[in-house]
Amino acid sequence: MKIIGTGLSGLVGSRIVELLKDNFEFIDYSLATGISILDPTQLEEATAKNSDFDCFIHLAAFTDTNQAWAQNGDENGLCYQLNVVGTRNIVNLCKKYNKHLIAISTDFVFDGQKTDKYTEEDSPNPIEWYGKTKYLAEQEVLNSGIPATIIRIAYPYRANFADKKDLVRKVIDALKTNTLNPMFADQITTPTFVDDIALGLKYFFENKPTGIFHLVGSSSQSPFEMCQKIAEIFGFDPKLVRQGSLEDYIKTLSAGSRPWQRNLAISNEKVKSLGINMKTLSEGLIEMKKQLP
């Protein structure tokens, strides 16, 4: 099977290629290969040469939440252009060639006000610009009429990727130098081991179910609890992890600072029902430790 993809050189995409390259042929659409998702002509010229592709996976996105907030409401800004217009261009391409699209989205489409885990049935209500542009991108896909899958991921981490440090490796670096800031105990997130995302996508490439799916980790906890677990598994003094408060942090922010979601506990029961195994934080960290040099 031939898979065309954007973002295949990124934190998540490169691991997808590494783990599934024996199962699928991947074709990378990126600036490195001379293709901008903001240029429909470049997209069309490249796809005309690969018109026998089986599926398109769209990972490329503007993901810096703070930089996104600095562009809040600006449809000419790079965040909106990449996340919304870029997705629209990919949708139009898949529509022309009548191909299945897998679009990668985010837990940031939710407002963080729910007290339980978010499921695929919950209505998005983004509260900051990155999440809003990703929600608008989802709407581009859902309203297009093409066969498509939206896969939401959350806080991805992995063992080895030189180009970008994920949240877990940033914490490890801070623990090594005793520079870890106090970590919020009153916020919930759902970190996800990138290998599980990659292996889970094998099912979606092969079966192409339509709809929305949460391909996320099997445990949700506060950043404080997450860092405690990282310290435990990687052999650091747990006293290096100090407790902080999102509530107190928000009070220190200036007016107009980006909003923060308090609860991003995300349910993965739907993908588990498909037979896809997603690790808990502890399980993912143990596997990550094995892979590190």
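Helix axes here are lines fitted to C-alpha atoms over the stretch in contact, and the angles between them run from 0 to 180 degrees between N-to-C directions. Helices (H or I, at least four residues) and strands (E, at least two) are DSSP runs, numbered from the N terminus.

The structure above is a predicted model, where local features need pLDDT of at least 70 and side-chain atom pairs count only at pLDDT 80 or more, while totals for chains, interfaces and linings use all residues. Residues are numbered from 1 along each chain as its sequence is written, and side-chain values use heavy atoms, with hydrogens and water left out.

## Helix pairs

Let us start with helix 2 (residues 40-48) and helix 4, whose axes come within 10 Å and cross at roughly 35°. Their crossing is right-handed, a term for a near helix turned clockwise from the far one by less than a right angle (anticlockwise would be left-handed). Contact means heavy atoms within 4.5 Å. On the helix 2 side, Pro40, Leu43, Glu44, Thr47 and Ala48 take part, and they meet Asn89, Ile90, Leu93, Lys96 and Tyr97 of helix 4. This contact has 6 nonpolar, 2 polar and 2 charged residues. For these classes, Ala, Val, Leu, Ile, Met, Phe, Trp, Tyr, Cys and Pro count as nonpolar, Asp, Glu, Lys and Arg as charged, and the others, Gly among them, as polar.

Helix 4 also packs against helix 5, at an angle of about 10° and with the axes 9 Å apart. That makes helix 4 roughly parallel to helix 5. The wording follows fixed limits: angles under 35 degrees are roughly parallel, over 145 roughly antiparallel, 65 to 115 roughly perpendicular, and the rest oblique. Helix 4 brings Cys79, Tyr80, Asn83, Val84, Thr87, Arg88 and Val91 to this contact, and helix 5 brings Trp129, Tyr130, Thr133, Lys134, Leu136, Ala137, Glu140 and Val141. By class they divide into 9 nonpolar, 3 polar and 3 charged.

A third pair is helix 6 (residues 167-177) with helix 8 (residues 223-234), packed at an angle of about 65° with axes 10 Å apart. Helix 6 is therefore roughly perpendicular to helix 8. Helix 6 passes helix 8 in a right-handed crossing. From helix 6 come Leu167, Val168, Val171, Ile172 and Leu175, and from helix 8 come Met226, Cys227, Ile230, Ala231 and Phe234. The contact of helix 6 with helix 8 counts 10 nonpolar residues, no polar and no charged.

## A look at helix 5

The expected span of a helix is 1.5 Å times one less than its number of residues. For the 14 residues of helix 5 this gives 20 Å, and the end C-alpha atoms are 20 Å apart, so the two agree. Buried here means under 20% relative accessible area, exposed over 50%, and partly exposed in between (1.4 Å probe, protein chains only). The buried residues of helix 5 are Trp129, Tyr130, Gly131, Thr133, Lys134, Ala137, Glu138 and Val141. These buried residues pack against helix 3 (65-70), helix 4 (78-97), strand 4 and strand 5 (148-153).

## Individual residues

Here are five residues with their accessibility.

| Residue | Relative accessible area | Class |
|---|---|---|
| His100 | 5% | buried |
| Arg169 | 8% | buried |
| Lys208 | 23% | partly exposed |
| Asn178 | 53% | exposed |
| Thr115 | 82% | exposed |

His100 belongs to strand 4. Its C-alpha atom is 5.4 Å from that of Ala148, with the two positions 48 residues apart in sequence numbering. Setting aside neighbours within four places in sequence, His100 is in contact with Asp54, Cys55, Phe56, Pro147, Ala148, Thr149, Lys208, Pro209 and Thr210.

Arg169 sits in helix 6. Not counting residues up to four places away in sequence, Arg169 touches Leu11, Arg158, Ala159, Asn160, Phe161, Lys164 and Met288.

Thr115 is in the loop between strand 4 (100-106) and helix 5 (129-142). The C-alpha atoms of Thr115 and Leu175 are separated by 31 Å, and the residues are 60 apart along the chain.

Two loop residues deserve a check of their backbone angles. Most residues other than glycine have a negative phi. Asn178, in the loop between helix 6 and strand 7 (183-184), has a positive phi near 55°. Lys208, in the loop between helix 7 (194-207) and strand 9 (211-214), has a positive phi of about 50° and is not a glycine.
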